[in-house]
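User: Hello! I am new to this structure and would like to learn how to read it step by step. Could we begin with the way helices pack?

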Amino acid sequence: MPTRALMRPQKTPEGDGVLRAFSSRHFLKLIEDTGKVGFWSADLRTERLDASPGLYRILGLDPASVVTFAFGLDMIHPEDKPAHADQIAVLRSGQPINREFRIIRPDRTQRWILHHAEVIIGQDGQPNQGMGVVFDVTAHHEATNAMMQRHDRLNALITATAAVLWVTQANGEPSDMTQWMTLTGQSFGEMQGLGWMDAIHPEDRPRTHAAWMTAVEHTATYNTDYRILCADGIYRWFNSRGAPVLNKDGSVREWVGVCLNVPGRTRYGASGTGVSPESSVQAKDAADPAEAGLTPGQVRAARGLLGLSKDDLARLASVSVSTLNRLEDPSSAIQPRHDTVMAVRRAFELAGVEFTFEAGKKPGVREA
């Protein structure tokens, strides 16, 4: 068949592998059909230039229209025109150009283009011919702008919440913790390994270490409270939470998280003190029994009254069994958050249990 010859590679006598069966026009059409590339050539001594179909598409012009240098320059965005309106003059001086700028098409849509152009010197030694290629790079700019917007939003959120952003390596070793260094006054070397924990209150370190190691070993989310010795010498409470960033194969690429300042909020009593969990519960009971937490003994007694297994209670309260294990273990280094404890308490109360908090007596439990 006649068309088969067009598909057969033909080498030159020198064996350079050139496909003579295809003309350069075929290749240019294949490239231009992507809608992202266009070409032009022109006699620099005139105003008119010859544009390829791809260039007409990028400029949003009717292929039957005449394109001139002046018309092309008029399409440059007003904000970019002061820096890029000299392109034809530069070419006519014999210099190549490589510019990226915005244009406004006749339909008033905006596009970003990348323009490469070269000059051909005539026999008289003067630049008389020019040729160029134009790339539509709008998608790249939109993606870059979207990324910058997300970055700006994150920074605004961090500023609004007085948060400290932190990033660690896959194994939990500190990586990007500039804001932590500013908060604590630690140097980069001081916070390496587990050195960052030196800025945490000594009473909070065992619990914090256990929570962090558990998260890293099990690729689980991290959420705990602790006091940080800030650069001004004052301990302040922070809620630290983070999550692993995973590769496509499920392995951990890094960890990212924040430390949220929680002034006025405490887990173990007043900020800077080492009040025990049970004493803290009793202090809170006297202030507001309706919002009091639960002691390990109350949780075990309530489960016994209702005949609930830990699996049953976990399902009713929408918490994990490991959370209940920590809640019932008075020696656990990791204590559940108050809102988690309250979820367990509400589940018990809906099931018919009432908790008692009488002054001078241990917290108790009874059937409602």
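Analyst: Gladly. Helices α11 and α13 are roughly perpendicular to each other, because an angle of 65 to 115 degrees counts as such. In this predicted model, α11 and helix α13 (residues 338–350) pack at an angle of about 105°, and their axes are 8 Å apart.

User: Which residues of α11 and α13 meet there?

Analyst: From α11 come Leu313, Leu316 and Ala317. On the α13 side they meet Ala343, Val344, Ala347 and Phe348. Sorted by class, this contact has seven nonpolar residues, no polar and no charged ones.

User: At what angle do the axes of α11 and α12 cross?

Analyst: The axes of helix α11 (residues 310–317) and helix α12 (residues 321–328) cross at roughly 110° and come within 9 Å. These two helices are therefore roughly perpendicular to each other as well. Lys310, Asp311, Leu313 and Ala314 in α11 meet Val321, Leu324, Asn325 and Glu328 in α12. Here the residues divide into four nonpolar, one polar and three charged. Leu313 appears in the contact with α12 and in the contact with α13.

User: Let us turn to sheets. What holds the strands of a sheet together, and in which directions can they pair?

Analyst: Strands in a sheet pair through backbone hydrogen bonds, and the pairing can be parallel or antiparallel. To read a sheet, write down the order of its strands and then look for the edges. One open sheet here has five strands in the order β2-β1-β5-β4-β3, with antiparallel pairing. At its edges stand β2 (49–51) and β3 (97–104), each with a single partner strand, so one side of each has no neighbour in the sheet. Neighbouring strands of this sheet are turned by 25° against each other on average, direction ignored.

User: How many bridges join β4 to β5?

Analyst: Strand β4 (residues 110–121) is joined to β5 by nine bridges, and the two run antiparallel. To follow the pairing by eye, find glutamate 118, which stands opposite methionine 131 in β5.

User: I would like to follow one residue of β5. Is valine 134 buried or exposed?

Analyst: Valine 134 counts as buried because its relative accessibility is 5%, and the cut-off for buried is under 20%. This valine sits in strand β5 (residues 127–136). If we leave aside neighbours within four places in sequence, the contacts of valine 134 include Lys36, Val37, Trp40, Leu55, Ile58 and Ile113. You can also trace a link across the chain: valine 134 and arginine 99 are 35 residues apart in sequence, and their C-alpha atoms are separated by 9.7 Å.

User: What is the strand order of the open sheet that contains β6 and β10?

Analyst: That open sheet of five strands follows the order β7-β6-β10-β9-β8, with antiparallel pairing. Its edge strands are β7 (174–176) and β8 (222–229), and each pairs on one side only. From one strand to the next, the twist averages 35°. Helix α8 (residues 205–218) lies across β6 (163–169), β8, β9 and β10, and runs at about 145° to β8.

User: Which residue pairs can I use as landmarks in that sheet?

Analyst: Start with strand β9 (residues 235–246) and strand β10 (residues 252–261), which are antiparallel and joined by nine bridges. Glycine 242 stands opposite glycine 257 in β10. Then move to β6 and β10, which pair in the antiparallel sense over seven bridges; look for glutamine 169 opposite glutamate 254 in β10. Two bridges join β6 to β7, again antiparallel, with valine 167 opposite aspartate 176 in β7. In the hairpin of β6 and β7, four residues lie between the strands, and glycine 172 takes a positive phi near 95°.

User: How many of the seven residues of β6 are buried?

Analyst: Five of the seven are buried, so β6 is largely enclosed by the rest of the structure.

User: Finally, how do these pieces fit into the whole protein?

Analyst: The protein has 13 helices and 12 strands. Of its 368 residues, 38% count as buried. Among contacts between residues at least 6 apart in sequence, 46% join residues at least 24 apart. The accessible surface comes to about 20900 Å², and 56% of that belongs to carbon and sulfur atoms.

How values were computed:
Residues numbered from 1 in each chain as written. Predicted model: local features only at pLDDT ≥ 70, side-chain atom pairs only at ≥ 80, totals over all residues. Heavy atoms only, no water. Axes fitted to C-alpha atoms, helices over the stretch in contact; angles between N-to-C directions. Parallel < 35°, antiparallel > 145°, perpendicular 65-115°, else oblique. Contact = heavy atoms within 4.5 Å. Nonpolar A, V, L, I, M, F, W, Y, C, P; charged D, E, K, R; others polar. Buried < 20%, exposed > 50% of the residue type's maximum accessible area, 1.4 Å probe, protein only. Areas by Shrake-Rupley, 256 points an atom, 1.4 Å probe, with all protein chains shown as cover. Pairing = 2+ DSSP bridges.
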